Amino acid sequence: MPPNESFEIGADSPEKADVQELLAAHLRFANEHSPREDVHALDASGLLGPAISFFSIRVDGALLGVGAIKRIDGDHAELKSIHTAEQARGRGVGRAMVDYLIDLAVQRGFSRVSLETGSMEAFAPSRQLYEAAGFEVCAPFAGYGPSPNSTFMTLVL
């Protein structure tokens with residue numbers, strides 16, 4: 001991240017036009033690299049559920065990325081829909097969002113956060129990001145079934 005760049009992370013609406021565009025890109029990527037039955041990315045309507053809190057990351061109002069946290073139960077949350085705009089990759093946007101969501105999970109009293117991402121090469125940067133943040137590969141959770149196309153990861157807080 002450039003030293004003078006200041007990310008603004010906060011609650012946002014998945015119904016905003018610029019957010020919907022980025023979520024559409026996220027879904028296109030997931031569908032391009034995963035078989036249909038293993039696309040677990042949520043669209044805007046899926047991110048409006050009562051168990052989900054949705055956030056964006058911006059600089060001077062420009063949308064750089066999104067992410068969400070979903071309550072699974074009183075101790076366990078799932079990170080969802082983390083996506084960095086293509087033109088913002090390599091600037092620390094994804095790591096800033098992951099760190100923000102982990103801090104939020106701690107504040108909300110969760111003892112564990114988990115996620116599902118693809119196992120294909122296209123998802124290698126995502127897996128590396130999550131590993132760098134302390135996530136470890138785990139078994140499927142919260143109703144996910146085993147799949148060679150999915151990597152499940154968890155972090156004990």
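This passage describes the packing and burial of helix 3 in a predicted model, followed by selected loop and strand residues.

Two packed helices are described by the angle between their axes and the distance between the axes. In the present model, the axes of helix 2, spanning residues 93-107, and helix 3, spanning residues 124-132, come within 10 Å and cross at roughly 45°, which makes helix 2 oblique to helix 3. The crossing in which helix 2 passes helix 3 is right-handed. On the side of helix 2, the contact is formed by Gly-94, Arg-95 and Val-98, and these are met on helix 3 by Leu-129, Tyr-130 and Ala-132. Sorted by class, the residues in this contact of helix 2 with helix 3 comprise four nonpolar, one polar and one charged.

Within helix 3, the buried residues are Ala-124, Arg-127 and Tyr-130. Viewed down the axis of helix 3, these buried residues fall within an arc of 125°, so they line one face of the helix. An α-helix has 3.6 residues a turn, so residues three or four places apart point the same way. The face of helix 3 that is turned away from the buried side carries Pro-125, Gln-128 and Ala-132, which are exposed; Ala-132 is also among the residues through which helix 3 contacts helix 2. The cover over the buried residues of helix 3 includes helix 2 together with strand 4 (76-84), strand 5 (112-118) and strand 7 (150-156). Helix 3 is followed by Gly-134, for which phi is positive, near 105°.

Most residues other than glycine have a negative phi, and most peptide bonds are trans. Positive values are nevertheless found in the model at Asp-60, with phi near 50°, and at Ala-142, with phi near 45°. Asp-60 lies in the loop between strand 2 (52-59) and strand 3 (62-71), where this residue is exposed, having a relative accessible area of 72%. Ala-142, for its part, is placed in the loop between strand 6 (136-137) and strand 7.

Strand 7, which takes part in covering the buried residues of helix 3, also contains Val-156. With a relative accessible area of 64%, Val-156 is exposed; when residues up to four places away in sequence are not counted, Val-156 touches Ser-111 and Arg-112. Val-156 and Cys-138 are separated by 18 residues in sequence and, from C-alpha to C-alpha, by 11 Å in space.

Terms used
Residues are numbered from 1 along each chain as its sequence is written. This is a predicted model: local features need pLDDT of at least 70, side-chain atom pairs count only at pLDDT 80 or more; totals for chains, interfaces and linings use all residues. Side-chain values use heavy atoms; hydrogens and water are left out. Axes are lines fitted to C-alpha atoms, for helices over the stretch in contact, and angles run from 0 to 180 degrees between N-to-C directions. Helices (H or I, at least four residues) and strands (E, at least two) are DSSP runs, numbered from the N terminus. Angles under 35 degrees count as roughly parallel, over 145 as roughly antiparallel, 65 to 115 as roughly perpendicular and the rest as oblique. A crossing is left-handed if the near helix is turned anticlockwise from the far one by less than a right angle, and right-handed if clockwise. Contact means heavy atoms within 4.5 Å. Ala, Val, Leu, Ile, Met, Phe, Trp, Tyr, Cys and Pro count as nonpolar, Asp, Glu, Lys and Arg as charged, and the others, Gly among them, as polar. Buried means under 20% relative accessible area, exposed over 50%, partly exposed in between (1.4 Å probe, protein chains only). The arc is that of the directions from the helix axis to the C-beta atoms.
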